[in-house]
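Q: Please pick one part of this model and take me through it slowly, residue by residue. I'd like to know what sits around it and how it is held to the rest of the chain.

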Amino acid sequence: MIKRSKGLLGLLACLALAGCAEDWGPDQHGVEVTAQQLEGQWLLINYWAQWCGPCRTEIPELNALDQARDDVTVLGVNFDGLQGDELTAASADLGIGFRVLSVDPSERLDLPRSAVLPVTYIVDSSGKVRASLVGEQTGEGLQAQLQRLGR
């Protein structure tokens, strides 16, 4: 009975820990981005700002990629740290259709602070940063990068 109880407790502890992975914070609409929603996904983390011309140009490409791939999630991060209504308005102004994180994931993913924009990081499903892409990206170029990385 003791062995069985220890095994059951161990299983319950593992399940509890798996369900407690740290969430990513709210998006630009105040909706929580959960670890469970991103589980198994490759991420494209794109840093943007309203004043950045190339950022504005690449957003439709990122929107299309986010819609086209079920195994890749595009997440935006406002370079200027906008929050709340300001973040919602800025995201809408740029026509961003993908989720924008209110909490910068740079510490979580050990991302360097870029001196230029836009910058996009490709993160695999285990949380490892696989590529850092500086400058305006195209959907075709991002698809090629993902393919090169085995996705």
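**A close look at helix α6 and its surroundings**

A: Let's start just outside the helix, with A64: its relative accessibility is 45%, so A64 counts as partly exposed. Bear in mind throughout that this is a predicted model. A64 belongs to helix α3, which covers residues 53–68. From A64 you can hop straight to the part we want: G139 is 75 residues away in sequence, yet the two C-alpha atoms are 7.4 Å apart in space.

G139 is in helix α6, which spans residues 139–148, and G139 is buried there along with L142 and L146. Look down the axis of α6 and its buried residues fall within an arc of 65°, so they line one face of the helix. Turn to the other side of α6 and you find E140, Q147 and R148, which are exposed. So α6 has a buried face, its buried residues sharing that 65° arc, and exposed residues on the other side.

What does the buried face sit against? The buried residues of α6 pack against helix α3 and four strands: β3 (42–48), β4 (72–78), β6 (119–123) and β7 (129–134). Helix α3 in that list is the one that holds A64.

Now carry on past the end of the helix. After α6 comes G150, with a positive phi near 90°. Then there is R151, which is partly exposed, since its relative accessible area is 33%. R151 makes a salt bridge with D71, and the closest N and O atoms are 3.2 Å apart. R151 lies in the segment after α6 and D71 in the loop between α3 and β4, so this pair ties together parts that are 80 residues apart in sequence. Both α3 and β4 are also packing partners of the buried residues of α6.

D71 has another partner as well. It forms a salt bridge with R69, where the closest N and O atoms are 3.0 Å apart. Put the pairs together and you get a network of salt bridges linking R69, D71 and R151. The accessibilities in this trio are worth a glance: D71, at 23%, counts as partly exposed, while R69, at 14%, counts as buried because the cut-off for buried is under 20%.

Strand β7, another of the elements packed against α6, gives us one more charged pair to check. The side chains of R130 and D124 meet in a salt bridge, 3.4 Å from N to O. R130 is partly exposed at 34% relative accessibility, whereas D124 is buried at 9%. Across the whole structure there are five salt bridges.

For a last stop, try a buried acidic residue elsewhere in the chain. D27 is in the loop between β1 (25–26) and β2 (32–33), and at 5% relative accessibility it counts as buried. A polar atom of the D27 side chain lies 2.8 Å from the backbone nitrogen of H29. The side chain of D27 also joins that of R99 through a polar contact of 3.0 Å. Setting aside neighbours within four places in sequence, D27 touches V33, R99, V100 and S102.

Back to the main part, then: α6 turns G139, L142 and L146 inward as buried residues, and in the segment just after it R151 reaches D71 through a salt bridge.

Technical notes: Residues are numbered from 1 along each chain as its sequence is written. This is a predicted model: local features need pLDDT of at least 70, side-chain atom pairs count only at pLDDT 80 or more; totals for chains, interfaces and linings use all residues. Side-chain values use heavy atoms; hydrogens and water are left out. Helices (H or I, at least four residues) and strands (E, at least two) are DSSP runs, numbered from the N terminus. Buried means under 20% relative accessible area, exposed over 50%, partly exposed in between (1.4 Å probe, protein chains only). The arc is that of the directions from the helix axis to the C-beta atoms. Contact means heavy atoms within 4.5 Å. A polar contact is a pair of N or O atoms within 3.5 Å; within protein, one must be able to donate a hydrogen and the other to accept it, and residues adjacent in sequence count only if both atoms are side-chain atoms. A salt bridge is a side-chain nitrogen of Lys or Arg within 4 Å of a carboxyl oxygen of Asp or Glu.
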